[in-house]
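This report introduces a single structure to a reader who has not met it before. It considers how some of the helices cross, where enclosed space is found, and which residues surround that space.

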Amino acid sequence: MRTELDLQRAMYQLLEERSMSQITVEQICTRALIHRSSFYRYYTDKFDLLTQLVMRAIEDLLAAEQANAAGSGVMARFIGTHTQILRHLLVTNTEGDNNRSQQVVNACFLAIAQTGAHDHVFVMIRKAAQPDLTAYLVSGAITSIVQWLNSERLDGASPETQAAIQTTLATFFSLEQHSV
């Protein structure tokens, strides 16, 4: 467990500094002070590690929230807490790993929705006729918000920005309730 946490921490730190395509398994191992062969005992590649990192971040956030918290608030806090990481995963990743990173985020949303999470967003994903498409829409909305934060050079954690993100997500998530 400690080795896995060390590797996740190292990946998180590296994602704060650079895009996913610029991160190698060797760099992760060096940062975690772990031999490369140990990495492969736990993960198949850096995207497998990324999946575990994203799953843990979402699970930690959901555990800290009350079961009846609005999904837009949970997602806004997720974006605010991990703005720099999300920038490097979904926006500044010009070498071509954006699609794979987006797939990881989408797969994590689907997996958490299937666990029975009570958050409004994950319930919406779980109950959708096409859960995978709905998860892509949610992760696409997050990507768009992170692109906006990046282009406007905004701090995703500031109270003003959090309010704007939450209001926008609340509108986006309520569209399903008003569709014909």
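Two axes count as roughly perpendicular when the angle between them is 65 to 115 degrees. The model described here is predicted.

**Helix crossings**

The axes of helix H7 (residues 98–114) and helix H8 (residues 120–127) come within 8 Å, with a crossing angle of roughly 90 degrees. H7 and H8 are therefore roughly perpendicular to each other. On the H7 side, the residues that meet H8 are Phe109, Leu110, Ile112, Ala113 and Gln114, and their counterparts in H8 are Phe122, Ile125 and Arg126. By class, this contact of H7 with H8 comprises 6 nonpolar, 1 polar and 1 charged residues.

A second crossing involves helix H6 (residues 83–90) and helix H9 (residues 131–152), whose axes come within 10 Å and cross at roughly 105 degrees. That angle makes H6 roughly perpendicular to H9. Thr83, Leu86, Arg87 and Leu90 form the H6 side of the contact, while H9 contributes Ile142, Thr143, Val146, Leu149 and Asn150. The contact of H6 with H9 divides into 5 nonpolar, 3 polar and 1 charged residues.

H6 is largely enclosed by the rest of the structure, because 7 of its 8 residues are buried. The buried residues of H6 are Thr83, Ile85, Leu86, Arg87, His88, Leu89 and Leu90.

**Cavities**

How many cavities of 30 Å³ or more does a search of the whole structure find? The search finds 2. Their volumes and the classes of their lining residues are set out below.

| Cavity | Volume | Lining residues by class |
|---|---|---|
| Largest cavity | about 90 Å³ | 11 nonpolar, 1 polar, no charged residues |
| Second largest cavity | about 40 Å³ | 8 nonpolar, no polar, no charged residues |

The lining of the largest cavity consists of Tyr12, Leu15, Leu50, Leu53, Val54, Ala57, Phe78, His82, Ile85, Leu86, Leu89 and Val105. Helix H1 (2–17), helix H4 (46–64) and H6 each supply at least two of these residues. H4 provides the largest share of this lining, with 4 residues.

Around the second largest cavity stand Ile58, Leu61, Leu62, Val74, Met75, Phe78, Phe109 and Phe122. H4 and helix H5 (71–81) are the elements that give two or more residues to this lining. Phe78 therefore appears in the lining of the largest cavity and also in that of the second largest cavity.

**Individual residues**

Where does His82 lie? His82 is in the loop between H5 and H6. With a relative accessible area of 13%, His82 is buried, because buried means under 20%. Apart from its neighbours within four places in sequence, His82 is in contact with Tyr12 and Ala57. His82, Tyr12 and Ala57 are among the residues that line the largest cavity.

Gly73 belongs to helix H5. Is Gly73 buried or exposed? Gly73 is buried, and its relative accessible area is 1%. Gly73 and Glu26 are 47 residues apart along the chain, and their C-alpha atoms are separated by 37 Å.

Definitions and conventions:
Residues are numbered from 1 along each chain as its sequence is written. This is a predicted model: local features need pLDDT of at least 70, side-chain atom pairs count only at pLDDT 80 or more; totals for chains, interfaces and linings use all residues. Side-chain values use heavy atoms; hydrogens and water are left out. Axes are lines fitted to C-alpha atoms, for helices over the stretch in contact, and angles run from 0 to 180 degrees between N-to-C directions. Angles under 35 degrees count as roughly parallel, over 145 as roughly antiparallel, 65 to 115 as roughly perpendicular and the rest as oblique. Contact means heavy atoms within 4.5 Å. Ala, Val, Leu, Ile, Met, Phe, Trp, Tyr, Cys and Pro count as nonpolar, Asp, Glu, Lys and Arg as charged, and the others, Gly among them, as polar. On a 1 Å grid over the protein atoms alone, a cavity is a set of points where a 1.4 Å probe fits but cannot get out, and a pocket is an open set with protein on both sides within 12 Å along at least five of seven lines; lining residues have an atom within 4 Å of a point. Grid points are joined across faces, edges and corners, and a volume is the space filled by probe spheres set on the points. Buried means under 20% relative accessible area, exposed over 50%, partly exposed in between (1.4 Å probe, protein chains only).
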